[in-house]
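Me: I'd like to practise reading a sheet and its packing from a model. Could you walk me through one?

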Amino acid sequence: MPAFEQALGLIRFLEVGGEFTGSGVRVVFIDSGCGKDLPIKGCINLTDSSDVDTEGHGSAIHSILAAMLPDAEIYMVKVPDPLPDNVLITALNEAHKLMPHAVNLSITSEIPSDGSDPVSFYVNHVASRSAVVVAAGNGGPRMMSVGSPAVAAGALTVGATDLRGRLWSRSSRGPTLDGRWKPNIVAPTGYRPPNSSKELYGTSFSTPLATAVAACLMKQVNDPSTVVRILELTATSINLAQPSTPLLTGLRKAELVKKLLTTWPRIFDPRNLAGMGLLNAAAAHRLTRQMRKAFSTI
Amino acid sequence: MCIFRIPRGRKYFCGKRYPLNCSPSICPFGDVLWQSLVNRDYKPSRYWSMPSMQRADSPEEAWRLLSSGEAQYVVKEIVFRVGVGECRPSSRR
């Protein structure tokens, strides 16, 4: 699986792979199912079908998490697709009951929100105890294409880059409807997950890379907001060669776009494209270690 | 697509600014974004009364919850997608 190792190399996970084995770490992923013959501790099925994934999305997420965290306890909450918001809230509640270190949510909508919708509300609730890692969505290069639940303030929203570390053109962009910048960080996509012959593209597959790192950091610092901040502060800045495209859904009239850009300059914030940059597992681990050392000496 | 734009009779009201009708001048997100949000709309099957997170089955019920003070604001149901991504056969061996 050279491409998967390339993705791990890009986020500098291979440097900390010996320590980030997932030992004592509990991860929950909410998705379309789990992979066959992959380690799983438990499964909560909110559908009428079998736990095993038939569409490939859930099994890809599962295989990525299992490869990065071989010693972790991995749980899955199976949800239907399309997924009504009440079922997603039930799934988040089930995940919350398991008290995981991290929850992987490769689930998207491109409906703009200011974070006051029920699912974002509930994501913030779960994020008070666990790191909730959410895919930004594949609505780029339109601005404001990041939708619920990725807009939740407490979520770690993950956009995508290609394997060369350049921003993936279809990665959803911020800001949120109330003007906050999102995504928080980006991680690679377009790699072949373990046991797969296909290259997978989408922020869905960037998300488990960040989930694995966030879960290991959560075990060390046990505070989701600190983990999000550590990952933001240690992210590697990426080269945004392409200028921000002033594209907005429904705003086809040039004068409206012009008016928006003059009255709402925050849309130009580069953090709306790739957040604070590319996930850097080694730097995050180093900073966490330094923080723990500093606080233990006070 | 606006999650707060809720039909009432032949007009729309703002689920966030009860009892005002949806219009660029009262939009919480400004007049330009209002244009962007209302150009594409969607019809949900249910609504949410917030912050109590109770379900409302119709726009009339959502209006009633707002008028009685049971809801601070009302949002439309959102349907999410699982597994939106692209698969490409690997180019490398």
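Reply: Let's take the sheet, then the helices, then the cores. Keep in mind that this is a predicted model.

Me: What is the strand order in the open sheet, and is the pairing parallel or antiparallel?

Reply: Follow the neighbours across the sheet rather than along the chain. In chain A, seven strands line up as S2-S3-S1-S5-S7-S8-S9, with parallel pairing. Strand S2 (42-45) and strand S9 (185-188) of chain A are the edges, each pairing on one side only. From one strand to the next, the twist averages 25°.

Me: Which residue stands opposite A:Val133?

Reply: Zoom in on one pair for that. S7 (residues 131-135) and S8 (residues 156-161) of chain A run parallel and share three bridges. There, A:Val133 faces A:Leu156 of S8(A).

Me: Now the helices: which strands does H3(A) lie across?

Reply: Check both the strands covered and the angle. H3(A) lies across S1, S2, S3 and S5 of chain A, at about 165° to S1(A). Helix H5 (residues 203-221) of chain A covers S1, S5, S7, S8 and S9, at about 170° to S7(A).

Me: And which residues have the most contacts inside the largest nonpolar core?

Reply: In soluble globular proteins, nonpolar side chains tend to be buried together. Here the largest core has 63 residues, and those with the most contacts inside it include A:Ile30, A:Leu88 and A:Val123. Helix H3 (residues 85-97) of chain A gives the largest share, six residues. Beyond its sequence neighbours within four places, A:Ile30 touches A:Leu88, A:Ala91, A:Leu92 and A:Ala95, among others. Apart from that core lies another, of 52 residues, including A:Ala212 and A:Leu279.

How values were computed. Residues numbered from 1 in each chain as written. Chains lettered and ligands numbered in written order. Predicted model: local features only at pLDDT ≥ 70, side-chain atom pairs only at ≥ 80, totals over all residues. Heavy atoms only, no water. Core = buried A, V, L, I, M, F, W, Y, C linked by side-chain atoms within 4.5 Å. Buried < 20%, exposed > 50% of the residue type's maximum accessible area, 1.4 Å probe, protein only. Helix = DSSP H or I, 4+ residues; strand = E, 2+ residues; numbered from the N terminus. Contact = heavy atoms within 4.5 Å. Pairing = 2+ DSSP bridges. Axes fitted to C-alpha atoms, helices over the stretch in contact; angles between N-to-C directions.
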